[in-house]
Amino acid sequence: MEHRALVHLPVNLAPFALSAVCRFWREQALNVPSLWRFIAIHRPPSQTTWLLVRLMVERSRPCPLDF
């Protein structure tokens, strides 16, 4: 049996990876607000980081955020 290496993503990027698999998975990920509620910001945050944070805040509603 062949074993593939697991890809380890930071937990806050996992929703983006799931939503990039296919249309079905994207729809499912976008419909689960709790998937988007964990936000990790590393210092110093880049412009891209702030764009991802904004998306996650929008997609996590109405769930409370977890930093």
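**Close-up views of a predicted three-helix model**

**Figure 1. Surroundings of Val57 in helix α3.** With neighbours up to four places away in sequence set aside, Val57 is in contact with Ile39 and Leu65. The structure shown is a predicted model. Val57 is partly exposed, its relative accessible area being 25%. The C-alpha atoms of Val57 and Arg37 lie 7.1 Å apart, although 20 residues separate the two along the chain.

**Figure 2. Overall architecture of the protein chain, α-α-α in sequence order.** The chain contains three helices and zero strands. Of its 67 residues, 16% count as buried. The exposed area of the chain is about 5,600 Å², of which carbon and sulfur atoms supply 60%. Among contacts with a sequence separation of 6 or more, 53% join residues 24 or more positions apart. The mean pLDDT of the chain is 85, and 85% of the residues score at least 70. Helix α2 (residues 23–30) has a mean of 96, while helix α3 (residues 47–60) has a mean of 91.

**Figure 3. The largest nonpolar core, composed of six residues.** The members of this core are Phe16, Ala29, Trp36, Ile39, Val53 and Met56. One of these residues, Val53, touches Ile39 and Ile41 when residues up to four places away in sequence are not counted. Ile39, itself a member of the core, is also among the contacts of Val57.

**Figure 4. Ser19 and its contacts.** Ser19 is placed in helix α1 (residues 14–19). Its relative accessibility is 8%, under the 20% limit, and Ser19 therefore counts as buried. Beyond its neighbours within four places in sequence, Ser19 is in contact with Trp25, Arg26, Ala29 and Trp36. Two of these partners, Ala29 and Trp36, belong to the largest nonpolar core. Ser19 and Ala29 are 10 residues apart in sequence, and their C-alpha atoms are 5.7 Å apart in space.

**Figure 5. Ile41 in the loop between α2 and α3.** Ile41 counts as partly exposed, with a relative accessibility of 33%. Excluding neighbours within four places in sequence, Ile41 is in contact with Thr49, Trp50, Val53 and Phe67. Of these partners, Val53 is also a member of the largest nonpolar core. The C-alpha atoms of Ile41 and Leu52 are separated by 9.8 Å, the two residues being 11 positions apart along the chain.

**Figure 6. The salt bridge between Arg54 and Glu58.** A search of the whole structure finds one salt bridge. The side chains of Arg54 and Glu58 meet at an N to O distance of 3.3 Å. Both residues lie in helix α3, four residues apart, which corresponds to about one turn of the helix. Arg54 has a relative accessible area of 57%, over the 50% limit, and is therefore exposed. Glu58, with a relative accessible area of 41%, is partly exposed.

**Figure 7. Ser60 in helix α3.** Ser60 is buried, with a relative accessible area of 1%. When residues up to four places away in sequence are not counted, Ser60 touches Pro33, Trp36, Arg37 and Leu65. Trp36, a residue of the largest nonpolar core, is likewise in contact with Ser19. Leu65 is also a contact of Val57.

**Figure 8. The cis peptide bond between Arg61 and Pro62.** The omega angle of this bond is about 5°. Pro62 is located in the segment after α3.

**Figure 9. A nonpolar patch on the surface, including Phe24.** The patch is formed by Leu18, Val21, Phe24, Trp25, Val32 and Leu35. Together, these residues present about 520 Å² of accessible area. Phe24 is placed in helix α2. Its relative accessible area is 54%, over the 50% limit, so Phe24 is classed as exposed. Trp25, another residue of the patch, is among the contacts of Ser19.

Methods. Residues are numbered from 1 along each chain as its sequence is written. This is a predicted model: local features need pLDDT of at least 70, side-chain atom pairs count only at pLDDT 80 or more; totals for chains, interfaces and linings use all residues. Side-chain values use heavy atoms; hydrogens and water are left out. A nonpolar core is a set of buried Ala, Val, Leu, Ile, Met, Phe, Trp, Tyr and Cys residues joined through side-chain atoms within 4.5 Å. Buried means under 20% relative accessible area, exposed over 50%, partly exposed in between (1.4 Å probe, protein chains only). Contact means heavy atoms within 4.5 Å. pLDDT is the predictor's confidence in each residue, from 0 to 100. Helices (H or I, at least four residues) and strands (E, at least two) are DSSP runs, numbered from the N terminus. A salt bridge is a side-chain nitrogen of Lys or Arg within 4 Å of a carboxyl oxygen of Asp or Glu. Patches are made of residues with over 30% relative accessible area and no salt bridge: like charges are joined within 9 Å, nonpolar side chains (Val, Leu, Ile, Met, Phe, Trp, Tyr) within 5 Å. Accessible areas come from the Shrake-Rupley method with a 1.4 Å probe; for residues, only the protein chains shown count as cover.
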